[in-house]
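Visitor: I am new to this structure and would like to learn how its features are read. Could you take me through it slowly, one feature after another?

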Amino acid sequence: MRKCLVGVALLVCVFVMVGGVAAAAGFTAGAPGAGDPFFPLAGNGGYDVSHYGLTLSYDPPSNLLAGTAVITATATQNLSRFDLDLRGFTVSTVLVNGRATTFTRSGQELVITPKTGLMAGKSFQVTVDYAGAPSVVTDPDGSIEGWVPTNDGAFVVCEPQGAPAWYPVNDSPRDKATFDFAITVPHGLTVMANGVLLSHLSSASMTTWRWRESDPMAPYLATATLGRFDLTQYEVDGIPAYVAVDPRLSKGQVLSKLPAAVRFYSSIYGPYPFTAVGAVVDSAKVVGYSLETQTKPMFAYMPDEATLVHELSHMWYGDSVTLAQWPDIWLHEGFATWSEWIWSEHEGNKTAHQYFKQMYNTPASNIGFWNPPPGDPGTPVYLFDGTIYDRGGMTLQALREKVGDRAFFTIMRDWAQQNRFGTVTTPEFIALAERDSGMDLDTFFQVWLYEPGKPTAW
Ligand SMILES: [Zn+2]
């Protein structure tokens, strides 16, 4: 992190010395990072992306990805220069508003200096041609993400920092945008990207899959998982559903629960947020986890029922309502964990209270279970620690039991509906909970979210 910052600072110096035109008075460089406490160089400053048009081709045997990204953005300051995030690849051309532009590389930063400065408030278009082997990113907790090759294609999951492994991006969860994908792969392979399927057209040896995500999406939720899949299409109450299963996997009955889970969560959290729904079940043991990629959760293996509904509930909490910064990850994982419990309760199985009670019986001496507190993971090593999920889910069940079902379900619904397609913080959730319940909940949330060790009084 520090090394990259030094590199960027050097570039600034070089630019000021040799760059003339774009450094005109009042035009300054966009920041190389969006300032996230855990991933400070992820995302960039000075502009806001509205759309990504990604035209890609991928050849699995050689693991070569070639792409053209057309990014539509609006400058939020007078920009002399700006960055995109991109890991690896050879970049051949960068155009800004159709004009060839100089660029440099520094770590995950693609540093672009347009011929003339970009005016604040004005829309502009960046085109990046790139090719090479996409990256597999290893996270602080040791898990892998990004564009992960499988034996018949690739499993593409990007939380929290894998998006630049396959496309140039403003990789901040705060900068949501719409996406178009046109992805060409060898005949016989299926590409599963976000949103609705527009077409899949084959030539002699290749097929191009076009998908459109017309709802705002955080960059880390994009996917282009590809391989051999049995693709089933149907509708859930008028919403197109796409379910793709690796044919090598035995057909579980669990996926038949998808429509019922979507209907149940719609009944308690409010209408399903997006224009498509689905699931992709691949055989990607090397990844070993599932991810709530928008409109189509990715499963590295056939999920059990709890995992399926966990990822579907993230469409409300995580994908539609998204954290503004990564330390607030309990707003995703605590909510999805509690969603598993309320589904179980709804199905007439173990209740959320029983889940809570069982976990609460964990002794205080089990420090690993109770720490770190879910509202303060401390370091990205604990971003996906068990406590974020379990104690995060317990926080919601404890809230339910404190304010009562009527207020609690109002809170959950208001949170999803009032922040649809937005980004949020924990203090905003606390404020909403206090407003909807009419109660002072400062101590409650302080104890459950921020104090280390087992909560004993709230
Ligand atoms: Zn989750």
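Guide: Let us begin with burial: a residue is called buried when its relative accessible area is under 20%, exposed when over 50%, and partly exposed in between, with a 1.4 Å probe and protein chains only. Helices (H or I, at least four residues) and strands (E, at least two) are DSSP runs, numbered from the N terminus. By these terms strand β4 (residues 79-85) is mostly covered, since seven of its seven residues are buried.

Visitor: What kind of model is this, and how are its residues numbered?

Guide: This is a predicted model, in which local features need pLDDT of at least 70 and side-chain atom pairs count only at pLDDT 80 or more, while totals for chains, interfaces and linings use all residues. Residues are numbered from 1 along each chain as its sequence is written, and side-chain values use heavy atoms, with hydrogens and water left out.

Visitor: Which strands pair with β4, and in what sense?

Guide: Strands of a sheet pair through backbone hydrogen bonds, either parallel or antiparallel. Two strands are said to pair here if DSSP finds at least two bridges between them. Strand β1 (residues 28-29) pairs with β4 in the parallel sense over two bridges, and arginine 81 in β4 is the bridge partner of alanine 29. With strand β8 (residues 109-113), β4 pairs in the antiparallel sense over four bridges, and there leucine 84 has leucine 110 as its bridge partner.

Visitor: What should I look for in the loop between β4 and β5?

Guide: Look at the backbone angle phi of phenylalanine 89, a residue that lies in this loop. Its phi is near 70 degrees, a positive value in a residue other than glycine. Phenylalanine 89 counts as buried, because its relative accessibility is 11%.

Visitor: What are the pairings of β5?

Guide: Strand β5 (residues 90-96) pairs with strand β9 (residues 123-132) in the antiparallel sense over six bridges, with aspartate 129 as the bridge partner of threonine 93. Two bridges also join β5 to strand β6 (residues 99-100), and these two run antiparallel. The hairpin of β5 and β6 has two residues between the strands, and asparagine 97 takes a positive phi near 50 degrees there.

Visitor: How is an open sheet described, and which are its edge strands?

Guide: One describes such a sheet by the order of its strands, which for an open sheet of four is β18-β19-β20-β21, with mixed pairing. The edge strands are β18 (230-236) and β21 (298-299), each of which pairs on one side only. Helix α2 (residues 258-269) packs on the sheet, touching β18, β19 (239-245) and β20, where contact means heavy atoms within 4.5 Å. The direction of α2 makes about 35 degrees with that of β18; axes are lines fitted to C-alpha atoms, for helices over the stretch in contact, and angles run from 0 to 180 degrees between N-to-C directions. Strand β20 (residues 277-281) and β21 run parallel and are joined by two bridges, and valine 281 has phenylalanine 299 as its bridge partner in β21.

Visitor: Which residues coordinate the zinc ion?

Guide: Donors are N, O and S atoms within 2.8 Å of the metal (3.2 Å for Na, K and Ca), and sites may look incomplete because water is not among the atoms. Here the zinc ion is coordinated by His310 (NE2), His314 (NE2) and Glu333 (OE), at 2.0 to 2.1 Å. Histidine 314 lies in the loop between α3 (305-313) and β22 (322-323) and glutamate 333 in helix α4 (residues 330-346), so this pair ties together parts that are 19 residues apart in sequence. The donors follow the spacing H-x3-H-x18-E along the chain, and both histidine 314 and glutamate 333 are buried.

Visitor: Where does helix α10 pack?

Guide: In helix α10 (residues 442-450), Phe444, Phe445, Val447, Trp448 and Leu449 are buried. The buried residues of α10 pack against α4, α5 (352-360), α6 (367-370), α7 (386-403) and α9 (426-437).

Visitor: Where are the cis peptide bonds that you would point out?

Guide: One peptide bond that is cis runs from glutamate 159 to proline 160, with omega near 5 degrees, and proline 160 sits in the loop between β12 (153-157) and β13 (177-186). Another cis peptide bond joins asparagine 371 and proline 372, with omega about -5 degrees, and proline 372 is found in the loop between α6 and α7.
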